[in-house]
There are 2 protein chains.
Amino acid sequence: MNIGEAAVASGVNPKMIRHYESIGIIPKAQRSEAGYRVYRESDVHILSFVKKARGLGFSMIEIKKLVSLWRNKTRTSSEVKALSTSHIKKLEEKISELQAMVDTLRHLSKHCHGDSRPNCPILEELAN
Amino acid sequence: MNIGEAAVASGVNPKMIRHYESIGIIPKAQRSEAGYRVYRESDVHILSFVKKARGLGFSMIEIKKLVSLWRNKTRTSSEVKALSTSHIKKLEEKISELQAMVDTLRHLSKHCHGDSRPNCPILEELAN
DNA sequence: CCTTGACCTTCCAATGATTGGAAGCTCTAT
DNA sequence: ATAGAGCTTCCAATCATTGGAAGGTCAAGG
C-alpha cells in the first residue's frame, strides 16, 4: 500500500501520516525501491487507532502512550484507565471554563438591545 | 507609565502588550527619548478591555473588532450583539464536542476494570 | 518511445495565542 | 562607577494541522 491508499484506508491524510511518523507516533514505514513509503494492514490499524484517539481529544503525547500500551501485552488496565481519567478531568475543566464564558455572554447579550443605538452592556462590561 | 507599570495596572504582561501592539490590537505606544514605550491611563483601559475579552474567549480578530466598536461612538448595539451571538454559538459547539468526548470516555472508563490485568475496553474501542 | 498527470518525496512556512531566551541599551540606587 | 532591574528587538518554541514549492516516480495512452 502506498501512503495515499493507507490514507484512504485509515482516514488519516498523507500529510498527517508523514507527520505522525516524524514525531514517532507510528513506526517508520518501510520503503519501496523508489523510496515510497509502503504500508501493511497493521500500519493502517495503528493509524485508525490514532485517528480515533484524536477524535476523543487526546494529545499526541497521550496517544503515543496509548499506542505503546496497546502494543504492550503486559500493560495493566489501570494504566490505561488513569490516562483516560486524567484526560476526562482536563476535558471537564475546559468545558466548565467555556460554559462560564457562555453564561456571562448570554447574560450580557440578553440585556443588549441589538438595535441601531450605540448603547451596549457587552461593551460596557468589557470596559469596566 | 513604562510597559512594566502598564502591565501591572492592566494585568497584561509586557510580552503580550508588545505582541498586541505588533498585531495592531492596540495603537502603537508613544516613546520616551530613550525609546521606551510610554502609556497613559487610556492605554491601560484598552489593555484591560482586551484582557476581559480574552477571558470571554474572543479571538484576537474579534477583539480587534470589539475594540474598534468600543472606540466608535456611531456603532450600533446590533453589531456588538451579532459578534457576541456568533461567538456564543462557537463556544457552544465546542462544548458539545468536548462533552461528547467526555460521554464516550466515561462510558468506556466505567467498563474498564482499572486493575493489574491487561484487558481494557478503552483500548479495544480505539482499536476497532 | 514519450508525454501527461497523478502520485510520491523532502523541506519550509503558516496558522493562533503565548511564552522563552539572547544580546544589548537605559535607568536607578548604592 | 557599577550592579541590577527594566527596557529594546529579534528569533524560536509550543500544539496539531495545512499549504506550497521543487523535484522524483509510476501508469496509461498516443
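Two residues count as in contact here when their C-beta atoms, placed from the backbone, lie within 7 Å of each other. Please keep in mind that the model is predicted.

**View 1. Chain A is built from six helices and two strands.**
Following chain A from its N terminus, you meet its elements in the order α-α-β-β-α-α-α-α. Along the principal axes, the C-alpha atoms of chain A fill a box of roughly 70 × 40 × 20 Å. Is chain A compact or spread out? Its radius of gyration is 23 Å, whereas the globule rule gives 14 Å for 128 residues, so chain A is more spread out than a compact globule. Of its 128 residues, 31% count as buried. Among the contacts in chain A with a separation of 6 or more, 42% are made by residues 24 or more positions apart.

**View 2. Helix H3 of chain A has buried residues covered by elements of both chains.**
The buried residues of H3(A) are A:Asp43, A:Val44, A:Ile46, A:Leu47, A:Phe49, A:Val50 and A:Ala53. What covers these buried residues? The cover includes H1, H2 and H4 of chain A, and chain B adds its H6. A quick check on the length of the helix works out well: at 1.5 Å a residue, the 15 residues of H3(A) should span 21 Å, and the end C-alpha atoms are 21 Å apart, which agrees. After H3(A) comes A:Gly57, with a positive phi near 85°.

**View 3. A:Ala53 sits in helix H3 of chain A, which covers residues 41-55.**
Is A:Ala53 buried or exposed? The cut-off for a buried residue is 20 or more other C-beta atoms within 10 Å; A:Ala53 has 24, so it is buried. Leaving aside residues up to four places away in sequence, A:Ala53 touches A:Phe58, A:Ile63 and A:Leu66, and from the other chain B:Leu126. One of these partners, A:Ile63, is 10 residues from A:Ala53 along the chain, and their C-alpha atoms are separated by 6.6 Å.

**View 4. Helix H5 of chain A, residues 77-110, has end C-alpha atoms 48 Å apart.**
At 1.5 Å a residue, its 34 residues should span 50 Å, and the 48 Å between the end C-alpha atoms agrees with this. Buried residues of H5(A) include A:Val80, A:Ser84, A:His87, A:Ile88 and A:Leu91, as well as A:Met101, A:Val102, A:Leu105 and A:Leu108. It helps to recall the geometry of a helix: with 3.6 residues a turn, residues three or four places apart point the same way. Which elements do the buried residues of H5(A) pack against? Within chain A they meet helix H4 (60-71) and helix H6 (121-127), and across in chain B they meet H5 and H6.

**View 5. Chains A and B meet through 46 residues of each.**
On the side of chain B that touches chain A, helices H3 (41-55), H4 (60-71), H5 (77-110) and H6 (121-127) each supply at least two residues. H5(B) provides the largest share, 21 residues. By class, this side of chain B divides into 22 nonpolar, 15 polar and nine charged residues.

**View 6. A rotation of 180° superposes chain B on chain A.**
The shift along the axis is 0.0 Å and the RMSD is 0.0 Å. This is therefore the relation of a two-fold axis. Which residue of chain B has its C-alpha nearest the axis? B:Ile95 does, at 2.9 Å from the axis. Both copies use the same surface, as 100% of the contact residues of chain B recur in chain A.

**View 7. DNA strand C is surrounded by 19 residues.**
The closest are A:Gly4 and A:Arg37 of chain A, with B:Ala34, B:Ser59 and B:Met60 of chain B. H1 (3-10) and H2 of chain A, along with H2 of chain B, each supply at least two residues of the surface near this strand. That surface has six nonpolar, seven polar and six charged residues.

**View 8. DNA strand D is surrounded by 18 residues.**
Here the closest are A:Ala34, A:Ser59 and A:Met60, with B:Gly4 and B:Arg37. H2 (14-22) of chain A and both H1 (3-10) and H2 (14-22) of chain B each supply at least two residues of the surface near DNA strand D. H2(A) gives the most, with three residues. Sorted by class, the surface near DNA strand D has six nonpolar, seven polar and five charged residues.

Definitions and conventions. Residues numbered from 1 in each chain as written. Chains lettered and ligands numbered in written order. Predicted model: local features only at pLDDT ≥ 70, side-chain atom pairs only at ≥ 80, totals over all residues. Near = placed C-beta within 6 Å. Helix = DSSP H or I, 4+ residues; strand = E, 2+ residues; numbered from the N terminus. Nonpolar A, V, L, I, M, F, W, Y, C, P; charged D, E, K, R; others polar. Least-squares fit on C-alpha atoms with pLDDT ≥ 70 in both. Rg over C-alpha atoms; globule rule 2.2 N^0.38 Å. Buried ≥ 20, exposed ≤ 12 C-beta atoms within 10 Å, placed from the backbone. Expected span 1.5 Å × (residues − 1).
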